[in-house]
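Student: I would like to learn how to read the interface between two domains. Could we work through one together?
Tutor: Gladly; let us look at the model.

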Amino acid sequence: MRYEGTFTVRTPQERAWAFFLDPKQLSTCIDDPHTIEVIDQDRFKGTVKAGVGFIRGTFTWNATIKDRSPPHAEIAMHGSGMGSAFDIVSSLDLTEANGLTTVRWTADVQMSGTVASMGARLLQGTIDKKTNRFFENARKLLESG
Amino acid sequence: MALAEARAGEEEMGPFSRVHVTINGKAYDAEVETRTLLVHFIRETVGLTGTHIGCDTTNCGACTVLLEGKPVKSCTILAVQVDGRSIQTVEGLESGGKLHPIQEAFIEEHGLQCGFCTPGMMMTSVALLEKNPHPTEAQIRRAISGNLCRCTGYVNIVKAVEHAAKTMSAPSGGGKA
Amino acid sequence: MTVHGGIGQSVKRKEDARFVRGQGNYVDDLKLPGMLYLDIVRSPYAHALIRYINIEKAMKVPGVLAVIRGKDLEAANLAWMPTLMSDRQMVLPVEKVMYQAQEVAAVVATSRYAAADGVAAVEVEYEPLPVVVDPMKALAPDAPILRPDKNEKSNKIWHWEVGDRKGTEKALEASDVVVKEKLYIPRIHVSSIETCGCVAQFDSTSGKLTIWMTTQAPHAIRTVFALVSGLPEHKIRVISPDIGGGFGGKVPVYPGYVLAVVAALKTGKPVKWIEDRSENIQADSFARDYHIEAEIGATKDGKLKALRVKTIADHGYTDAAANPSKFPAGLFHIVTGSYPFEQAFVEVDGVYTNKPPGGIAYRCSFRVTEAAFTIERVVDILAKKLGMDPADLRMKNFIPPEAFPYKSALGWTYDSGNYGGALRKAMDMIDYEGLRREQGEKRKRGELMGIGISSFTEIVGAGPSHTFDILGLKMFDSCEIRIHPTGKAIARFGTKSQGQGHETTYGQILAEELGMSVEDITVEEGDTDTAPYGLGTYASRSTPVAGAAAAVAARKIRAKAKLLAAHLLEVSPDDLEWKEHKFQVKGVPGKAKTMQEIAFAAYTNHPQGMEAGLEATAYYDPPNLTFPFGSYICVVDIDKETGEVKIRRFVAVDDCGTIINPMIVEGQIHGGLTMGLAPALLEEIQYDEQGNIQGGSFMDYLLPTAVETPHWETAKTTTPSPHHPIGAKGVGESATVGAPAAIVNAVVDALSHLGVTHIDIPITPWKVWKILHEKGVD
């Protein structure tokens, strides 16, 4: 499933870029309990406690920044756990105008296993909810201080 | 094939809890893993295998037992949750060597084929008749809508419940277990 | 004199005594000393390479004793095993997984919970591969090849055809009216309330393997296990105890069974495997998934001329449907149904996709559900096109009673039938003409009411050895009877009841044939150490084949009994006749011997030169299949605001020939009708583009409850089978075969004035609401 959107935030492009390319900062926008470990400047891994409806558990994940050519970036993430697996390949493109930074993002999400099968009916709603929350949190962080 | 060496003493993952429960009038007392489902407690710890497991999402009702008269799905209750309480399973319907009217009715009306959903179906029916001794067909169907049957198509199950209702409300009683 | 519990009596079932007390012996009830539990790691992906399987953490989980992987099985040549259609399936994958929920590894532990903990701790790394779930896409030239081991160039499994292609083409061209319709019958899953499982135990001293197993065909399983494992067949005992529903879902050999056997052999302890419901729905054999295109040609006054059917059969990743080997599309070519088409042609192409394997596990008589649905739907569509009443069109065309035995254009010889009689009876029971009047009035008021007919012909009792076999095993069946000195008997059969009541019905056949009370006959099935060889119970074959064997074996006993009676009465055997269930001296009714007296004599007073004892075995090779039939009429009312379809009335007239136990036959019809309602209105297994099953549990896969199920009304006509020893045809699946078309015909009938000709099943309220909305009717 392909998702895409635009996120506009009142903050300089440089700051937004640094934020979105720093998984430690990014991960603070995720509400679900999680851990994160830096392997090197492009690779990260960790765990996250998440799920769909009552199908919840702990997933292990790893992420790689595949392309870092400002203002464009690509990140690949893979996660598994609970008889399920997910793969997300996302891209970011930033532009700035009048003090506002616009982030055009895309995400190709592949979900497999229990979460995608038994959770199928709830999956779309859950993804929408989490995506909205993520960007809400990002905006709060970027626009404060 | 990876085979482990026998490890003594490490057979189960705790934590454990002590459960005292009365089943069909008899007291049972056992220490089990706290996460033990009531249906596994009944079937494996106590050894009463008449209560069956038909699904893993609380939909089929094959595991229905009566918790102080109330029909509950024992696959969705932990054994620890009934600590100190009293439940009735299908094995407790018969009394003094005499079948409960619902059991007789199921035989008379051919209300069962493979028999797998039958214990749960009968426990739900017993609870229904306790609350509503003269249910209509629609009321019976509604009451057993949480018990799935693949074999009978329900017509004869409804007849069995109606038959039991008649027997149980007859002047001689018919009684209940 | 009637015997107690003879044929035609509604004897109460012997099985019930233990079932109502909760004392059934189902596989999961078995507990053996030292028993271990097996649970299975399953793939989240529908198609992926396995990079590695890491079992370190799993082996450290308390209670876990062993983990089995594909490479362990490969060493013993057990990673792949044959399917019942001579394809092959994986027990555990070595290289890649081919469907979501496929078995990837197995964990053996000291408790059920520890085994589940172990499964959660196994780490598998996959590399996803492109997924194919649509069979049309699977046949496209650029599709990834799923089974290069079978076909390097395409995902087509086989092509099968029957009939006269050219003749049918000409007849369609010459028809005044041709109706063509696409019918998709989606994948469904039978979901009997008991899931599959087994307990495997190996005794190293005797070298004997015992498997208690949810199986409908214990002997065939024993032979397959012997061939695959190399264990000698006399050292394998398969016990099929009480089975909580089969319907075809307990015929295939699932990897879990093999894994439990391997674990039992390796650990030296009994191993139990019981699958969860979600495993059962997501991995076990499915049914249907037929993409059908049907064309029917007729004269303008409604005489049917030709039928052409083309089908794409989606089989999942391997052909594991348990069809008779010559018929990869089963008995689908009964699709000419109750009508005497002079020209017909059927072709079916099987296709591989990334889904679990199977095809016929849902009470379907080897694809007869698909066939009956097709013909009864297109006949209705044709009736609408011709402006004819659907009952009239059928009556005009039915194969008449005097035409039997009738040879169809597709090669079947129907044994007997009275199609018009059944339809007329159903029409009278439901007041058909009155309903049509009511519909006319309701339509004027904008109310949606529909009437649907299904006049189906079934084909069961597989089957004659000249045409039928499964993996080479001919499809006979058997009965072995032994009568004891005090006139009681024990009889064993090669079939296996999963709720059909054989302990009672077979006893009734024997009671009638032997002049004994049904109470005096014990019937056993399911233990391969004691029961005579048979092919099991599925496709409604028990009564036609094993029931016939019972009669034949009983008559062998009667032949010997006659000689014993003659000896006792001091007359010549020619002076005796079997009358009123005893041997009587012709013309001297007072001089007679009952089977009880004869049995005693068989052990205490048999003539010199005759062997003692009174027993017989019969292996019955049916000369033909049997053809039960019926007419169903369904009345529906549709809620305009919600699209909900309510079945107001459903009348089912069935003809299964001689009825052994009317109560049991009626129960089979009720259950079958409910399993016809299910796919028509509620059930469907769907996959997304990634091959994720949509749902996969009872939360989303909706079985009918007592609320959705109407009060079925049943009746019968009786047209015996001329070739069956007691004239019986079998009935277990008739209602599942006939019901869906009646329901769909009724719904389409309710909406036909809006221009609707067909709606694919399941007909959900959403589908109906959308149509009403588009037509501006809501």
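Student: What is the area buried between domain 1 of chain B and domain 2 of chain B?
Tutor: Buried area is what two parts lose in accessible area on being put together, summed over both. In this predicted model, the two domains of chain B bury about 1,100 Å² between them, and carbon and sulfur atoms give 67% of that.

Student: Which three residues of domain 1 of chain B supply more of its buried area than any other three?
Tutor: They are B:His52, B:Thr64 and B:Val90, which together supply 40% of what domain 1 of chain B buries against domain 2.

Student: Where do the two domains of chain B lie in the sequence?
Tutor: Domain 1 of chain B covers 4–92, and domain 2 covers 101–169. Their centres, taken over C-alpha atoms, are 24 Å apart.

Student: How many residues of each domain of chain B are in contact with the other?
Tutor: Contact here means heavy atoms within 4.5 Å. On that basis, domain 1 of chain B brings 17 residues and domain 2 of chain B brings 13.

Student: How many salt bridges does the rule find across this interface?
Tutor: Zero between domain 1 and domain 2 of chain B. Polar contacts are a separate count: four residue pairs, with both residues at pLDDT 80 or more.

Student: Which elements give two or more residues to the side of domain 1 of chain B that touches domain 2?
Tutor: Strand 4 (64–67) and strand 5 (70–73) of chain B do. Strand 4 of chain B gives the most, with three residues. By class, this side of domain 1 of chain B has seven nonpolar, nine polar and one charged residues.

Conventions. Residues numbered from 1 in each chain as written. Chains lettered and ligands numbered in written order. Predicted model: local features only at pLDDT ≥ 70, side-chain atom pairs only at ≥ 80, totals over all residues. Heavy atoms only, no water. Domains from an automatic or database assignment. Buried area = accessible area lost by both parts, 1.4 Å probe. Salt bridge = Lys/Arg side-chain N within 4 Å of Asp/Glu carboxyl O. Polar contact = N/O pair within 3.5 Å; in protein donor to acceptor, adjacent residues only side chain to side chain. Helix = DSSP H or I, 4+ residues; strand = E, 2+ residues; numbered from the N terminus. Nonpolar A, V, L, I, M, F, W, Y, C, P; charged D, E, K, R; others polar.
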